[in-house]
Amino acid sequence: MKIEPKQIKVREVFDSYADNGDDGVFAYGGRLAIRPPYQREFVYNTAQAQAVIHTVLKGFPLNVMYWVKTGNDTYEVLDGQQRTLSVMQFLDHKFSVTLDGKQYYWDSLTDDKYNAIMDYEFMVYICEGEESEKLEWFKVVNIAGKKLSEQELRNSVYTGEWLSDAKRYFSKRNCAAKNLSDKYITGDPNRQELLEKALKGICEYQDIKEITEYMARHKSDADADELWQYFQDVIHWVEKIFPKYFSDMKGLDWCHYYNKYGKKEYNSSKMKDEVKQLREDDEVKKKKGIYEFLLCRDTDPFAGRLLNLRTFDKRDKIAAYSRQNGICPVCGERFEYDEMEGDHIKPWSKGGETIPENCQMLCKNCNAKKTDKY
Ligand SMILES: [Zn+2]
């Protein structure tokens with residue numbers, strides 16, 4: 001990892017400054033991406049931007065900025081985006097500052113003040129190295145500076161055509177991924193949370209351990225079609241399996257369910273009735289668990305745990321214990337109350353309810369060996 005400190009004049013940075021909206025903001029002769037395409041939007045308000053100009057005019061230092069070297073002589077701002085944009089936007093006639101009670105745009109400043117801005121030097125650390133090194137190092141820098149999300153950090157390292165294309169789908173409020181998945185998947189696309197979820201999903205699907213590994217493998221791909229296709233497959237699968245939508249479906253780990261159960265056959269019209277039934281069942285305390293329960297109950301003997309089914313309260317258990325004289329009905333041995341557990345005589349799955357008449361006490365050992373788990 002190489003970190004080279006450099007003082008760069010505002011005049012040089014402002015050279016060929018261009019704000020291309022969604023296509024990014026560039027400067028420094030076109031070699032610096034202040035904001036790469038589809039990145040978080042400018043968030044300083046005017047008062048904050050004016051404060052930056054006042055600092056510059058007084059010749060006071062702004063904090064150190066970090067640029068990442070992305071090519072032979074190309075860079076991307078990792079830290080310092082807002083400060084750099086403030087100066088650029090002032091010089092681009094986007095706002096004015098107040099000096100001695102009067103408003104000044106850049107072109108009404110006196111020459112010495114104008115030159116004070118243009119000759120002001122940004123203190124920039126230019127970072128160059130292996131991607132994994134950069135990522136580790138950025139995490140450290142991040143602690144001191146602004147808070148980038150994990151995925152924003154990864155994006156600052158694994159740049160390239162693949163990433164630009166992935167951001168087209170997964171970044172920004174109105175992106176295609178948000179529109180497609182909003183009913184099912186939570187996450188702020190501006191903070192790259194949707195992209196992160198899709199990546200996490202596809203990594204599990206392809207048995208890849210780290211998101212960075214996937215990004216490293218694909219960073220030079222011409223497009224992110226594979227990831228986008230995967231994400232669409234997930235959502236379309238959910239819509240097919242559970243054709244009726246309920247708001248508690250939002251925020252579940254659908255990518256994970258798709259990876260795990262996507263190849264199994266389900267009868268979706270039957271599932272639809274069962275979702276309805278389970279939602280109305282008072283014994284089911286965790287309604288959000290219904291969907292995975294229906295996906296896995298044929299293969300997972302413990303699927304009932306997903307529903308957080310009602311259990312017997314202490315009063316019912318003490319009554320059953322004294323009724324049984326402390327004898328476990330399975331092994332016939334006598335136990336202390338604390339050595340036993342409440343059990344449904346007729347299990348929930350066969351229509352048994354959590355009522356005193358359906359309660360029995362089993363010793364812990366016998367209870368653990370029970371095959372009817374719920
Ligand atoms: Zn027993």
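## The zinc site

Along the sequence, the residues that donate to the zinc ion follow the spacing C-x2-C-x31-C-x2-C. This is a predicted model, and in it the zinc ion is held by four sulfur atoms: the SG atoms of Cys 328, Cys 331, Cys 363 and Cys 366, at 2.3 to 2.4 Å. The middle stretch of that spacing ties together distant parts of the chain, with Cys 331 and Cys 363 sitting 32 residues apart. Cys 331 is in the loop between helix H15 (314-323) and strand E10 (340-344), while Cys 363 belongs to strand E11 (residues 359-363).

What is the arrangement of the four donor atoms around the zinc ion? The angles they subtend run from 95 to 117°, so the arrangement is tetrahedral. As a yardstick, the ideal angle for four tetrahedral donors is 109.5 degrees.

## H2 against H3: a perpendicular pair

Now for the helix packing. Two packed helices are described by the angle between their axes and the distance between the axes.

Take helix H2 (residues 46-58) and helix H3 (residues 81-91): their axes come within 9 Å and cross at roughly 85°. An angle from 65 to 115 degrees counts as roughly perpendicular, so that's the label for H2 and H3. On the H2 side, the contact is made by Ala 49, Val 52, Ile 53 and Val 56; these meet Arg 83, Ser 86, Val 87 and Phe 90 in H3. Sorted by class, the contact residues come out as six nonpolar, one polar and one charged.

## H9 against H12: a parallel pair

Helix H9 (residues 193-205) and helix H12 (residues 254-261) have axes that come within 9 Å and cross at roughly 15°. That angle makes H9 roughly parallel to H12, and the crossing is right-handed.

Who meets whom here? Lys 197, Gly 201, Glu 204 and Tyr 205 come from H9, and they meet Cys 255, His 256, Tyr 258 and Asn 259 from H12. The mix in this contact is three nonpolar, three polar and two charged residues.

## H6 against H10: another parallel pair

For helix H6 (residues 150-157) and helix H10 (residues 211-218), the axes come within 11 Å and cross at roughly 25°. Angles under 35 degrees count as roughly parallel, so H6 and H10 get that description. H6 passes H10 in a right-handed crossing.

From H6, the contact draws on Gln 151, Arg 154 and Asn 155, which meet Ile 211, Thr 212 and Met 215 of H10. By class, that gives two nonpolar residues, three polar and one charged.

Key
Residues numbered from 1 in each chain as written. Predicted model: local features only at pLDDT ≥ 70, side-chain atom pairs only at ≥ 80, totals over all residues. Heavy atoms only, no water. Axes fitted to C-alpha atoms, helices over the stretch in contact; angles between N-to-C directions. Helix = DSSP H or I, 4+ residues; strand = E, 2+ residues; numbered from the N terminus. Parallel < 35°, antiparallel > 145°, perpendicular 65-115°, else oblique. Left-handed = near helix turned anticlockwise from the far one by under 90°. Contact = heavy atoms within 4.5 Å. Nonpolar A, V, L, I, M, F, W, Y, C, P; charged D, E, K, R; others polar. Donors = N, O, S within 2.8 Å, 3.2 Å for Na, K, Ca; no water. Tetrahedral: all angles 85-135°; square planar, octahedral: opposite > 155°, others 65-115°.
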